[in-house]
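I opened the model today and kept notes on what I looked up. The entries follow the order in which I worked.

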Amino acid sequence: MKDQKLIRAIERLIDAGCNYRIDELKEIYAPDLVIHILQEDSSLMTFDYEKNLDFFRSLRDSDAPPLDSTAHFNLAEVQNDIGFVVVTRTMNLGAGPKKIVFNLMLREGTEGWQVFREQAVIAGEA
């Protein structure tokens, strides 16, 4: 059974990210955030908290249209106080629509669930 609190936390993250609401992203992402993105050519990109927020700021500041927020939740479970979510999305970040599989790790704090690790695999053309 999928944990609905985790799903709601990631739905909030997706909505805030797709609409470039930086203040919300600051709350949802933990300050020790690390994101690894495996590209189609097998290269690895890594972002920290500030680089990630800068990415969303650049989209907002360039008046980019909102991103598609459609998501399929493959997994959402809590194990030993850590939340694990696997979500599949189709996104166009400038190189055409791509299928991307996200694996997120969350900790629950006083303000709710926060993402502290994110791994994404760009699986190819959507």
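These notes go through the sheet, the helix packed on it, one pocket and two residues.

**Entry 1, the sheet.** I noted at the start that this is a predicted model. I then asked in what order the strands lie in the sheet. I found 6 strands in an open sheet, ordered 2-1-6-5-4-3, with mixed pairing. Strand 2 and strand 3 (72-79) are at the edges, and each has a single partner strand, so one side of each has no neighbour in the sheet. From one strand to the next I read an average twist of 15 degrees.

**Entry 2, strand 1.** I took strand 1 (residues 29-38) next and looked up how it is joined to strand 6 (residues 112-125). The two run parallel, and 6 bridges join them. As an example I wrote down Ile-37, whose bridge partner in strand 6 is Ala-120.

With strand 2 (residues 44-48), strand 1 pairs in the antiparallel sense, over 5 bridges. Here His-36 has Thr-46 of strand 2 as its bridge partner. I also checked the connection: strand 1 and strand 2 form a hairpin, with 5 residues between them. Ser-42, in the turn, has a positive phi of about 75 degrees.

I added a reminder for myself that strands of a sheet pair through backbone hydrogen bonds, either parallel or antiparallel.

**Entry 3, strand 5 and helix 1.** Strand 5 (residues 97-109) runs antiparallel to strand 6, and I counted 12 bridges joining the two. Within this pairing, Leu-104 stands opposite Glu-118 of strand 6. I then looked for what packs on the sheet and found helix 1 (residues 4-18). Helix 1 touches strand 1, strand 3, strand 4 (82-92), strand 5 and strand 6. The direction of helix 1 makes about 130 degrees with that of strand 3.

**Entry 4, the second largest pocket.** I read a volume of about 150 Å³ for the second largest pocket. Which residues line the second largest pocket? I listed Ala-9, Arg-12, Glu-27, Ile-28, Glu-111, Gly-112, Trp-113 and Gln-114. Helix 1, helix 2 (22-28) and strand 6 each supply at least two residues of this lining. Strand 6 gives the most, with 3 residues. By type, I sorted the lining into 3 nonpolar, 2 polar and 3 charged residues.

**Entry 5, Ala-16.** Is Ala-16 buried or exposed? Ala-16 lies in helix 1, and its relative accessibility is 0%, so I put it down as buried. Leaving out neighbours within four places in sequence, I found Ala-16 in contact with Arg-21, Glu-24, Leu-25 and Ile-28. I also looked up the separation from Asp-61, which is 45 residues apart from Ala-16 along the chain, and the C-alpha atoms are 15 Å apart.

**Entry 6, Phe-116.** My last residue was Phe-116, which lies in strand 6. Why does Phe-116 count as buried? Its relative accessible area is 8%, and buried means under 20%. Not counting residues up to four places away in sequence, Phe-116 touches Ala-30, Asp-32, Leu-33, Val-34, Ile-82, Met-105, Leu-106 and Arg-107. Between Phe-116 and Ile-28, 88 residues apart along the chain, I read a C-alpha separation of 9.1 Å. I had already met Ile-28 twice, in the lining of the second largest pocket and among the contacts of Ala-16.

Notes. Residues numbered from 1 in each chain as written. Predicted model: local features only at pLDDT ≥ 70, side-chain atom pairs only at ≥ 80, totals over all residues. Heavy atoms only, no water. Pairing = 2+ DSSP bridges. Helix = DSSP H or I, 4+ residues; strand = E, 2+ residues; numbered from the N terminus. Axes fitted to C-alpha atoms, helices over the stretch in contact; angles between N-to-C directions. Contact = heavy atoms within 4.5 Å. 1 Å grid on protein atoms, 1.4 Å probe; cavity = no way out; pocket = protein on both sides within 12 Å on 5 of 7 lines; lining within 4 Å. Points joined across faces, edges and corners; volume = space filled by probe spheres on them. Nonpolar A, V, L, I, M, F, W, Y, C, P; charged D, E, K, R; others polar. Buried < 20%, exposed > 50% of the residue type's maximum accessible area, 1.4 Å probe, protein only.
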